[in-house]
Every structure is written in structure tokens, then in C-alpha cells.
Amino acid sequence: MPADPTLAAQSRSSLHEQDVTAPVLAVSKASKSYGDRPILRDVTFTMRAGERVALLGPSGSGKTTLLNCIGGVDRPDSGEVLVAGCRLHALDTNGLAEVRRKHLGMVFQFFHLLPTLTAAENVELPLQLLDISTREREDRVELLLDRVGLTQRAKALPSELSGGEMQRVAIARAIVHKPALLLADEPTGNLDSQTGVAILNLLEEVVRETGAALLMVTHSEEAAARCQRILRMKDGTLTES
Ligand SMILES: Nc1ncnc2c1ncn2[C@@H]1O[C@H](COP(=O)(O)OP(=O)(O)OP(=O)(O)O)[C@@H](O)[C@H]1O
């Protein structure tokens, strides 16, 4: 199938114009190998708006590879990934970047904040990539920093923040553009258990408030048990429990 760089061609199937009960994420028979080693094998599942789904599995089982294929930073060798109605395999690099900008938020174990930007500037970053007025950007950043309890730390650099504060900035940044799907790769993996619970509470609250779907990779059965569904990955194969 020829690459289609424009999201305009996808617009008929965009989330906003479709039945709202349509899946926010649909992964169908996604497979990927590195060399002759299969990493993902016929992975198939869907997620709907507002769903919280945990992805559990041993180290090396393919969880991050799957998240990368959903986030458009990697591609499956075969099969399909649809995010907010957009067929990722039909898009070129620019088209994938546009899907990420509009529909995806990401939270990582090591926060991935830009070290030279303040907390507020980090939160504002996704909005600078969209066509949004300065006034609206400022309003949204203020609202989000207030939401995650960091109004007083708006001008702090990441190096001046605790791990929990950095993750709260990262969560604000991940949802400031109102994405349909939030991907979290071990969001509590680098935090003490008390801070981890606070971050899970916050993640749950913000997905409830925004209606986003949350797909969270975790090694923690406790964190997974808080989700509505648990997907288990073993040797690249997915089972649901
Ligand atoms: N670019 C790459 N080239 C070759 N092999 C890779 C590449 N990326 C990942 N792998 C291999 O693919 C397998 C799955 O990796 P992946 O990071 O998806 O696992 P994971 O389940 O997320 O593991 P962990 O829980 O340790 O993060 C691993 O054996 C890894 O070494």
C-alpha cells in the first residue's frame, strides 16, 4: 500500500467524526522480529475511551516494543495499528509525528523532561507544536500545573524538582493537548512506593477527567490490579486476564 503522508486523507476515519464508541486503539495481528528473533507475535487487542489497561510481562517479553509500535516510533513488520482511527502503517514520518502531536500523550520511567526548560515550559511544549494561541497555551499550562499541584514550582528546572514532582510535570505535559490515548512506560519504576501510589492516583484521576484511555506498562501486579483490564505479554504473545 502506498504511503499516505497526509492526515487529511485519514480525516474521514478520525476519532472526532466517528462513532464515539469506536476504539481509541486497535492493534491487529501486529508482528515484529529483530533479525530472525520474533519479538511481537500476532498481537491483537483494542482499547476504548476512558479504559485503563495494564501491560505486564517479564523483562524482554516485548512490552516496550509494542508501546513503541503504538506510539509510532517503531513499526511492526506486519499487522495494523490504528490510533484514534488513523492507520499508522499508511503514514510517513511526518504523518506519524502528527498523530503523536494530536492524539498521544506519553509518560516514561525517567520522566524525559527537557533539562533546560522550566516545569511550565515543559508542559507547554506539546501546545507549541499545535496551532494554539499564546493566551490559550498560558491558560492551559496554568490549569494543568494547578491540577498536578505544582503551581508554586512553575519556574523550577527539572534538576530542582523531586522525582515525584518531575513525574507530575510529565503527566501534565502528557495530557495538556487532550490526547485520546495516554501511554505510560513504567511510570512509577523510578519512584519510592509512596510517591508511586500518589502518581498512580493522579494518572487515574486525569484519565477519568479527560476521558483518555491509559495503556500502562508495569512490572507491578499491584499497579496492574488497579486497571480495568490486564494484558500479559510472554515471548511476544499477548493473553488477557
Ligand atoms: N533495536 C533492537 N534491536 C535488536 N533487539 C532489540 C531492539 N530493541 C529491543 N530488542 C530486543 O527485543 C526484546 C524485547 O525488548 P523490549 O524492550 O520490548 O522488552 P520489555 O518487555 O519492554 O522489557 P523490559 O521489561 O526489560 O523493559 C529484548 O530481548 C530486546 O533485547
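So, helix α1, residues 63–70: of everything around the ligand, this helix gives the most to the shell, with 3 residues. Keep in mind that what we're looking at is a predicted model. Who else is in that shell? Going along the chain, the ligand is surrounded by Y34, I39, G57, S59, G60, S61, G62, K63, T64 and T65. If you sort that shell by class, you get 7 polar residues, 2 nonpolar and 1 charged.

Okay, on to the strands. Start with β1, residues 25–34, and β2, residues 37–47. They run antiparallel, and 7 bridges join them. If you want a pair to click on, take A30, whose bridge partner in β2 is V43. The two strands form a hairpin, with 2 residues between them. In that turn, have a look at G35, which has a positive phi of about 60°.

And β1 has another partner, β4, residues 78–83. That pairing is antiparallel too, with 5 bridges joining β1 to β4. Here the pair to pull up is S28, which stands opposite E80 in β4.

Now for the helices, and I'll use α3, residues 119–128, as the reference. Take α4 as the first neighbour, residues 134–147. The axes of α3 and α4 come within 9 Å and cross at roughly 125°. That angle makes α3 oblique to α4, and the crossing is right-handed. Which residues meet there? From α3 you have A119, A120, V123, E124 and L127, and on the α4 side R137, R140, V141, L144 and L145. By class, that contact has 7 nonpolar residues and 3 charged, with no polar ones.

Then there's α5, residues 163–175. Its axis and the axis of α3 come within 7 Å, and the crossing is at roughly 25°. How are α3 and α5 oriented to each other? They're roughly parallel, because angles under 35 degrees count that way. The crossing of α3 and α5 is right-handed. On the α3 side, A119, N122, V123, L125 and P126 make the contact, and α5 brings V169, A172 and R173. Those residues divide into 6 nonpolar, 1 polar and 1 charged.

One thing to take from those two lists: A119 and V123 of α3 turn up in the contact with α4, and A119 and V123 also turn up in the contact with α5. So if you're rotating the model on your own screen, centre on V123 of α3 and you can look towards V169, A172 and R173 of α5, then swing round to the α4 residues, L144 and L145 among them.

That's my tour, happy to go back to any of it.

How values were computed. Residues numbered from 1 in each chain as written. Predicted model: local features only at pLDDT ≥ 70, side-chain atom pairs only at ≥ 80, totals over all residues. Near = placed C-beta within 6 Å. Helix = DSSP H or I, 4+ residues; strand = E, 2+ residues; numbered from the N terminus. Nonpolar A, V, L, I, M, F, W, Y, C, P; charged D, E, K, R; others polar. Axes fitted to C-alpha atoms, helices over the stretch in contact; angles between N-to-C directions. Parallel < 35°, antiparallel > 145°, perpendicular 65-115°, else oblique. Left-handed = near helix turned anticlockwise from the far one by under 90°. Contact = placed C-beta atoms within 7 Å. Pairing = 2+ DSSP bridges.
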